[in-house]
Amino acid sequence: MLLVGLTGGIGAGKSTVAELLTAKGAVVVDADEVARAVAEPGQPAFDAIVERFGPEVVTADGTIDRAALARVAFADDQSRQDLEGITHPAINTEFTRRVAESPTDRVVVLDVPLLVESSKARERPYEAVIVVEAPRDVRLARLEARGVPRADAERRMAAQASDEDRRAVATLVVDNSGDRDDLARQIDEVWAELERMHREKG
């Protein structure tokens with residue numbers, strides 16, 4: 001197994017890179033999907049989130065309203081830290097389980113938005129880290145196109161690590177300021193490098 005971290009600021013296009021890597025044959029473990037799973041009704045994180053942030057973060061069908069939760073959790077540093085304190089231990093446990101169950105002969109990519117910000121995420125034994133970048137204005141435009149209000153997008157970006165901090169941990173940097181064809185060409189090169197590393201590892 002070659003264990004690879006994948007990260008990037010919100011709106012940089014990390015999910016698209018994950019899709020392209022999956023198409024190449026990588027096993028992708030998605031932190032956002034894991035975060036949703038550990039906050040499902042009946043899971044310990046669900047009750048703790050509702051207790052801390054109130055019933056307004058619960059939808060009519062009884063699940064967590066992620067947009068509402070993001071608005072209150074990213075409103076200030078203490079709220080964000082409280083949410084991370086609730087969810088990160090559960091996410092880390094589930095991540096570890098999914099990695100352990102992944103095929104040992106594959107490239108396994110951990111798609112982690114907060115790889116730089118989370119000490120638990122940084123502690124994993126990555127053999128390579130891919131950082132996806134795009135200019136701030138491009139990222140804001142993408143988020144607004146997804147229906148994220150600009151003020152919310154800017155708040156969430158401000159709460160994340162800087163491009164410089166992410167570059168400091170990068171093995172490979174992907175520039176996603178262009179179109180999908182340009183991105184796909186870069187992922188061809190990234191995948192060739194990951195396969196080379198995997199072969200050399202034996």
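In helix 10, the residues Leu183, Gln186, Ile187, Val190, Trp191, Leu194, Met197 and His198 are buried (under 20% relative accessible area with a 1.4 Å probe, protein chains only). Looking down the axis of helix 10, these buried residues fall within an arc of 150 degrees (taken from the directions from the helix axis to the C-beta atoms), so they line one face of the helix. This is a predicted model, in which local features need pLDDT of at least 70, side-chain atom pairs count only at pLDDT 80 or more, and totals for chains, interfaces and linings use all residues. Residues are numbered from 1 along each chain as its sequence is written, and side-chain values use heavy atoms, leaving out hydrogens and water.

**Two sides of helix 10**

- The buried residues of helix 10 pack against strand 1 (2–8), helix 1 (14–24), strand 3 (107–111), strand 4 (128–133) and strand 5 (172–175).
- On the face turned away from the buried side sit Asp181, Glu189, Arg199 and Glu200, which are exposed (over 50% relative accessible area).

**Length and ends of helix 10**

- Helix 10 covers residues 180–201, and its 22 residues reach 31 Å from first C-alpha to last, close to the 32 Å expected at 1.5 Å a residue.
- At its start, a side-chain oxygen of aspartate 179 comes to within 3.3 Å of the backbone nitrogen of aspartate 181.
- Just after helix 10, glycine 202 has a positive phi of about 80 degrees.

**A buried arginine**

- Arginine 139 belongs to helix 7 (residues 136–145).
- Arginine 139 is buried yet has no salt bridge (a side-chain nitrogen of Lys or Arg within 4 Å of a carboxyl oxygen of Asp or Glu).
- The nearest side chain of opposite charge to arginine 139 is aspartate 163, 4.0 Å away.

Technical notes:
Helices (H or I, at least four residues) and strands (E, at least two) are DSSP runs, numbered from the N terminus. The expected span of a helix is 1.5 Å times one less than its number of residues. Contact means heavy atoms within 4.5 Å. A polar contact is a pair of N or O atoms within 3.5 Å; within protein, one must be able to donate a hydrogen and the other to accept it, and residues adjacent in sequence count only if both atoms are side-chain atoms. Lys and Arg count as positive and Asp and Glu as negative; His and the chain ends are not counted.
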